[in-house]
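Here is a short report on one protein model and its two ligands. Look at the sequence and the fold before reading on.

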Amino acid sequence: MSSGTSTTFAFEPNGLPVDGEERARRLVGPVFGRVFTDHMAVIRYSEAKGWHDAKVTARAPVTMDPAASVLHYAQEIFEGMKAYSRPDGGAALFRPDANARRFNASARRMAMPELPEALFRESVHALVRADAAWIPQDEDGALYLRPFMFASEVFLGVKPSAEYLYMVIASSVGAYFKGGAPAVSLWVTREYTRAAPGGTGAAKCGGNYATSLVAQAEATRNGCDQVVFLDAVERRWVEELGGMNIFFVFDDGSMVTPPLTGTILPGITRDSILTLARDQGISVREEPYSIEQWRADAESGRLTEAFACGTAAVVTAIGSVASAEGRFTIGGQSAGPLTQRIRAMLVEIQRGQAPDPYGWIERVI
Ligand code: PLP
Ligand code: COI
């Protein structure tokens, strides 16, 4: 376990914070991404000055020139991570170093400047310290942190911006799926793909989510919770969901997850599950798995469970899969034993209810 420090961030406390009673009211059953805290972290970048003016300040709207290049050419990246309250009353982050590295990998792909990892971590620490009172204390509660960076140069030429704004905002969240759904339903889109080889699938850029929305709408129209994407070349290999990675569980106790070939997001939850499962002696293969095989295995009973995973969704069972070709169900359409076991192992480490043998936890307070 390591602890972070913050020395470089000026702190301008919000003079009009939400009062305690109102905050307590907002922390009851928050809808994901609707409840925000009192502060935000900001760092500016310009080619001339590099990273400068780091501060934590009152959360407020951003004023932008209509020619700010992000509004036209979408140079924008983000991260998603959570701060959890600890049994001793403190707060901790889960693998913030991994988020910092992925943020910079996304920055390189989008021709944006990298943010020194120490600054990324300090920005998150400083914001969590300022807004720790906003961490919900209930079982699924956490403070969801959203670091992001966008091109702010006022210029319509198509080139990497010379100026950027990096910010972190925080949102008090509970379970991502309403009512902590026992299992979610997926829609396999045949019409749309998320990422092609050489594209931006492995980067966490806003554009990937923009293009997923029409497919997600198709899923919703068909009565499903989430869309699942197939590969863009052969249109048969399962890649990932709109905002989560995917695992398949078989009757011999082994698991499969799609490999990181550049078209899916390298999830930190995915990586953590690979480590946890392998250390438990569970065989996990990172190999392509086709939609036809998925259906055949679910129907024969060879596939017993499937689950989605990500920071927001944690580990969520997949109950059914629908597409233009029909629908099939998985196991008992609720979280099976291995899904439950993996989820418990992960959550207990994240929340400080189990030892942290991998050094994944970083104390903030
Ligand atoms: N895949 C996509 C497209 C995502 O948006 C996310 C969420 O961040 C994930 C996978 C899971 O990544 P992580 O476990 O790092 O949150
Ligand atoms: C996350 O899990 O952090 C995500 O980014 C998923 C979604 C909310 C975009």
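Arg278 has its place in helix α6. Helices here are DSSP runs of H or I with at least four residues, strands are runs of E with at least two, and both are numbered from the N terminus. Arg278 has a relative accessible area of 39%, so this residue is partly exposed. The class "partly exposed" lies between buried (under 20% relative accessible area) and exposed (over 50%), with a 1.4 Å probe and protein chains only. From Arg278 to Arg34 there are 244 residues along the chain, and their C-alpha atoms are separated by 37 Å.

The model is predicted: local features need pLDDT of at least 70, side-chain atom pairs count only at pLDDT 80 or more, and totals for chains, interfaces and linings use all residues. Residues are numbered from 1 along each chain as its sequence is written, chains are lettered from A and ligands numbered from 1 in the order in which they are written, and side-chain values use heavy atoms, with hydrogens and water left out.

**Ligand 1**

Which elements each supply at least two residues of the shell around ligand 1? They are β12 (238-241), α6 (268-279) and β16 (303-310). In total, 17 residues surround ligand 1. The closest are Arg102, Tyr209, Glu240, Thr269 and Thr311. A residue counts as near a molecule if one of its heavy atoms lies within 4 Å of it. The shell divides into 6 nonpolar, 7 polar and 4 charged residues. Nonpolar covers Ala, Val, Leu, Ile, Met, Phe, Trp, Tyr, Cys and Pro; charged covers Asp, Glu, Lys and Arg; the others, Gly among them, are polar.

**Ligand 2**

Ligand 2 has Phe32, Phe78, Gly80, Tyr144, Arg146, Lys204, Tyr209, Gly243, Thr311 and Ala312 around it. This shell divides into 5 nonpolar, 3 polar and 2 charged residues.

**Polar contacts and burial**

The table gives polar contacts, which are pairs of N or O atoms within 3.5 Å.

| Ligand | Protein partner | Distance to a ligand oxygen |
|---|---|---|
| Ligand 1 | Ile268, backbone N or O | 2.8 Å |
| Ligand 1 | Thr269, side-chain N or O | 2.5 Å |
| Ligand 1 | Thr311, side-chain N or O | 2.6 Å |
| Ligand 2 | Tyr144, side-chain N or O | 2.7 Å |
| Ligand 2 | Lys204, polar side-chain atom | 2.7 Å |
| Ligand 2 | Ala312, backbone N or O | 2.8 Å |

Taken alone, ligand 1 exposes 380 Å², and the protein buries 96% of that. Ligand 2 has 280 Å² of accessible area on its own, and the protein covers 86%. Areas come from the Shrake-Rupley method with a 1.4 Å probe.

Where does ligand 1 sit? Ligand 1 sits in the largest pocket. Ligand 2 sits in the largest pocket too. A pocket is an open set of points on a 1 Å grid over the protein atoms alone, where a 1.4 Å probe fits, with protein on both sides within 12 Å along at least five of seven lines. A molecule sits in a pocket if more than half of its atoms lie within 2 Å of its grid points.

**Two backbone exceptions**

Most residues other than glycine have a negative phi. Ala111 is not a glycine, yet its phi is positive, about 55°. Ala111 lies in the loop between α3 (96-109) and α4 (117-130). Its relative accessibility is 42%, so Ala111 counts as partly exposed. Gln333 also has a positive phi of about 55° without being a glycine. Gln333 lies in the loop between β18 (326-329) and α8 (337-350). Gln333 is partly exposed because its relative accessible area is 37%.

How values were computed:
A polar contact is a pair of N or O atoms within 3.5 Å; within protein, one must be able to donate a hydrogen and the other to accept it, and residues adjacent in sequence count only if both atoms are side-chain atoms. On a 1 Å grid over the protein atoms alone, a cavity is a set of points where a 1.4 Å probe fits but cannot get out, and a pocket is an open set with protein on both sides within 12 Å along at least five of seven lines; lining residues have an atom within 4 Å of a point.
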